[in-house]
Amino acid sequence: MSSDAILRLRRLVKKFGAFTALHGIDLDIAEGEFLTIVGPSGSGKSTLIRLLVGMEEVTEGTIELRGRRIEQTPANERPTCMVFQSLALFPHMTVGQNIEFPLKIRGVSPADRRRRAMELLDMLRLPQDYYGKGVAQCSGGERQRVALARALAFDPEILFFDEPLSALDYRLRKTLEKELKDLHARTGKTFVYITHSLEEAMVMSDRIAIMRDGRFEQIAIADEIYSRPVSRFVAEFMGEVNLFDVTGAENGGLISADGALYVNGNASGMGVQLAAGEAATLMVRPEFMRFLPPGETADFVASGIFHGEYELGSRIQYEVNTASGYTLTIEKLREDRFSGTPGEKVTLGFDAEAAHLIREARDGAR
Ligand code: ATP
């Protein structure tokens with residue numbers, strides 16, 4: 001991934017009547033990057049991508065492609081291509097005719113078109129004899145690959161994807177996630193992808209942008225977003241998490257606001273210190289919490305009543321209810337299974353290195 005921005009968005013606003021769907025988006029997308037935009041339904045992901053490909057008019061702000069303003073450029077003159085969930089392939093045509101379509105409208109000769117279609121079949125791991133096969137005779141996953149091949153035949157500078165895998169079954173989705181990531185590496189193109197699925201975002205992307213109510217809440221690599229979210233919203237959006245209300249103590253340590261947590265160590269292992277009286281949220285992911293046997297301690301300790309366990313496949317998830325009415329979630333690999341009895345009192349611990357402090361207004365104000 002080079003550091004040059006291929007696409008630069010500045011103060012991008014989109015209004016639908018009195019409703020503002022995007023509130024002044026700033027974003028630089030690097031050449032060759034795989035950027036995924038995730039967010040809840042209605043947060044503005046599709047609207048943003050529709051502005052970028054020219055399917056929707058910008059209300060305010062600018063879009064620059066390699067330094068050239070394109071926000072007024074019609075969709076068909078932009079060097080971008082969109083891959084949808086609904087595939088929009090021509091059902092009466094063969095696989096080959098579908099892939100060749102963009103080349104045909106550009107006047108490429110039949111021999112060159114065929115050669116390129118064969119290369120693309122290869123790239124998408126489809127057998128060469130699929131060239132003559134009817135699209136209607138292909139499976140869902142094969143059709144998705146044909147759609148990708150056709151998008152690549154356009155040879156766009158940027159490929160946009162609007163939830164292209166969401167209609168497929170779990171197994172196929174998993175396979176195609178990896179194939180898309182490989183395809184990105186092999187083509188070197190810039191991919192901008194939107195999805196509801198965090199897992200999909202984590203598997204494929206260089207960077208993830210979390211969208212909320214028409215703004216970006218955080219843009220970073222997957223590990224950063226998962227381990228060091230900037231807000232409770234991002235922390236909770238990125239999967240199971242335990243959150244504790246804390247305030248800064250006079251001695252530089254932390255105090256549990258509702259007594260749910262016993263603070264043994266101080267905040268030094270987290271690389272952040274709170275001012276005395278400053279309110280924040282202490283976060284720990286379920287895999288970093290452990291059941292403490294009698295006599296063992298940790299930087300942070302909580303106790304509660306063992307509620308039950310849930311099989312997650314390779315891992316097991318446990319729930320523990322604290323006296324303050326909070327449900328803590330702990331995850332262990334199967335080989336580290338904890339055998340608890342529902343109703344039993346248990347002690348849990350985690351260390352400062354595994355914890356992260358989120359400093360924001362706790363009432364959700366941003
Ligand atoms: P989803 O994940 O459900 O597809 P999204 O994050 O892609 O959601 P958008 O489709 O971008 O969200 O919609 C953002 C907001 O803009 C929503 O509140 C939606 O109702 C509104 N909106 C989108 N298109 C229009 C339109 N043409 N007219 C009026 N409001 C619209």
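Helices (H or I, at least four residues) and strands (E, at least two) are DSSP runs, numbered from the N terminus. The model is predicted: local features need pLDDT of at least 70, side-chain atom pairs count only at pLDDT 80 or more, and totals for chains, interfaces and linings use all residues. Residues are numbered from 1 along each chain as its sequence is written, and side-chain values use heavy atoms, without hydrogens and water.

**Exercise 1.** State how many helices and strands the protein has, and what share of its residues is buried.

Solution. The count is 8 helices and 20 strands. Of the 366 residues, 49% are buried (under 20% relative accessible area, 1.4 Å probe, protein chains only).

**Exercise 2.** Give the order of strands in the open sheet of 4 strands and find its edges.

Solution. The order is 2-1-4-5, with antiparallel pairing; strands pair if DSSP finds at least two bridges between them. Strand 2 (19-30) and strand 5 (68-69) each have a single partner strand, so they stand at the edges, with one side lacking a neighbour in the sheet.

**Exercise 3.** Describe the pairing of strand 1 with strand 2, then place helix 1 against the sheet.

Solution. Strand 1 (residues 5-16) is antiparallel to strand 2, over 9 bridges. Within this pair, Arg-8 is opposite Asp-28 of strand 2. Helix 1 (residues 45-53) packs on the sheet and touches strand 1, strand 2 and strand 4 (60-65), where contact means heavy atoms within 4.5 Å. The direction of helix 1 makes about 120° with that of strand 1; axes are lines fitted to C-alpha atoms, for helices over the stretch in contact, and angles run from 0 to 180 degrees between N-to-C directions.

Terms used. Buried means under 20% relative accessible area, exposed over 50%, partly exposed in between (1.4 Å probe, protein chains only).
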